[in-house]
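Please open the model in your viewer and keep the sequence panel at hand, since this tour moves from one selection to the next.

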Amino acid sequence: MFDSISQTIPADPDELPRARRLGLYRRVMDGTIYDFLPYAFSEERNGAGEYVPLRARRPSVRYGLCRIVVEDSVALLFSAGHFPQVVCDDPAVATLLADIMRETRLNTVMIEAAMRGAVGSVAVLMRVLKGRLFYSVLDSRYLTPEWRADAPDTLSCVTERYKVRGESLIARGYGDIDPRATYWFQRAWDPESEIWFRPKPVLAPDLPDEVDVLRTVRHGLSFVPIAWIRNLPGGDEIDGACTFRAAIETSIEIDYQLSQVGRGLKYASDPTLLIKEPAMPDGPVVKGAGNALVVSEKGDARLLEIGGTAAGAVIDYVRTLRELALESVHGNRANADRLSAAQSGRALELMNQGLIWLADNLRISYGEGGLLVLLRMALKARQRFPISVRGETMPPCEPDIRLTLRWPRWYPLSADDRLKDAQATATLIRAGQISRATALGGIAGDQAIADIDAELERIDSEKQDHA
């Protein structure tokens with residue numbers, strides 16, 4: 001079904017197969033995959049009186065299962081209660097990076113990146129404007145990355161190229177543009193510059209690429225200021241695996257089955273009237289409790305009603321499909337109706353184990369492969385330019401300093417869980433099996449402790465005051 005619907009979406013002959021695949025996945029997640037189907041679900045006949053098959057109709061009910069899986073996994077990844085803490089050997093650097101994340105709203109940027117990157121990949125661009133850092137998310141559909149031959153994990157160039165209408169270019173301030181023509185928009189990032197090219201007409205492919213010197217910017221960072229993030233393992237060297245690819249066909253089946261149920265309920269509220277001759281009433285037939293039909297002895301009139309067992313069977317079928325789809329993509333299959341009381345954090349983890357496995361894999365892609373890369377870019381940029389953070393000039397830092405991420409617990413602990421955890425930690429400290437610093441580091445994320453050494457000093461000071 002997905003392949004049949006995809007064939008109704010116009011394909012650009014100049015578009016790369018990778019770009020079309022990402023575009024189709026994006027439509028599935030946004031719910032616009034059905035926009036090019038010619039008929040509404042209620043249209044059973046076309047203008048010529050021919051029957052319209054279901055595959056040519058737009059479903060009237062759209063469940064959006066794929067987007068739900070993406071939103072649930074991203075919520076466990078970068079929501080306010082799950083955003084990681086940067087750990088560094090130098091507490092001053094850790095505090096500085098925390099200030100950078102707050103000022104640049106990197107939390108919001110990473111949420112958007114994880115949402116867009118669910119189709120396979122995403123790119124995050126860093127810019128330094130007037131001494132301040134800015135991060136923005138780029139759609140990787142029209143981006144082509146290139147890596148260095150001697151360092152396959154380092155970008156050597158990223159090129160953006162897509163078609164755009166002439167009137168859009170005129171609105172952006174371009175001159176000498178035909179508003180009715182279609183142009184290629186192109187720009188590229190290399191270790192020294194952000195290169196803009198003059199729009200080139202699609203009908204003139206032999207024209208050479210002309211650099212737009214007015215818009216080209218030389219940043220001089222000595223590295224490409226883009227973090228290329230592959231979503232999940234299992235893709236190719238450019239794109240990772242799509243988060244929800246295994247559930248697309250089942251999601252489409254759910255939409256059509258629910259639309260059929262809605263169609264049956266609408267029919268049940270207004271069934272077809274059958275009149276048996278010879279007793280045809282004069283004039284138009286008006287159905288309703290206040291309009292009686294008078295028939296002869298041999299005539300008959302009845303409503304062609306349907307039973308409700310089919311609707312119940314379809315609902316059970318849809319529920320089974322949903323379970324299978326969520327299981328295939330490691331989504332959240334928990335049912336809130338079955339929770340009779342508050343559960344502990346560990347119980348919630350076991351209940352949502354599949355979703356946690358998915359989010360755990362995404363932590364690697366968007367944490368070590370995204371967030372830390374962006375922070376190291378900021379440290380490298382400080383070697384080239386003065387950067388202001390929270391109104392103060394950022395001190396120069398070693399860009400290769402060791403950085404790690406401390407992720408919070410998947411679910412908050414209950415009061416009983418916290419008590420047992422504290423008792424176990426105190427027992428280990430008294431037995432001499434762990435230090436106070438290690439024990440404090442284990443609960444630093446839950447208690448929002450940024451500097452462990454400073455916290456230990458405050459604890460000792462309070463003990464002396466009490467003594």
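Strands, as the word is used here, are DSSP runs of at least two residues, numbered from the N terminus, and two of them pair if DSSP finds at least two bridges between them. Keep in mind throughout that this is a predicted model.

With those terms in place, begin by selecting residues 182-189, which make up strand E8. A hairpin of three residues leads from E8 to E9, and if you add residues 193-196, which are strand E9, you will see the two pair in the antiparallel sense over three bridges. Within this pairing, Trp189 stands opposite Glu194 in E9.

Next, add residues 155-165, strand E7, which runs antiparallel to E8 and is joined to it by eight bridges; here Arg165 stands opposite Thr182 in E8. Then select residues 200-201, strand E10, which pairs with E8 in the antiparallel sense over two bridges, with Lys200 in E10 as the bridge partner of Trp184. Because seven of its eight residues are buried, E8 is largely enclosed by the rest of the structure.

Now move to another sheet, an open one in which three strands follow the order E5-E4-E12 with antiparallel pairing. Its edge strands are E5 (132-138) and E12 (226-230), each of which pairs on one side only. Select residues 121-129 to show strand E4, which pairs with E5 over seven bridges in the antiparallel sense, and look there for Met126, whose bridge partner in E5 is Tyr135.

Finally, select residues 353-382, helix H10, which lies across E4, E5 and E12 and runs at about 175° to E12.

Note on methods:
Residues numbered from 1 in each chain as written. Predicted model: local features only at pLDDT ≥ 70, side-chain atom pairs only at ≥ 80, totals over all residues. Heavy atoms only, no water. Helix = DSSP H or I, 4+ residues; strand = E, 2+ residues; numbered from the N terminus. Contact = heavy atoms within 4.5 Å. Axes fitted to C-alpha atoms, helices over the stretch in contact; angles between N-to-C directions. Buried < 20%, exposed > 50% of the residue type's maximum accessible area, 1.4 Å probe, protein only.
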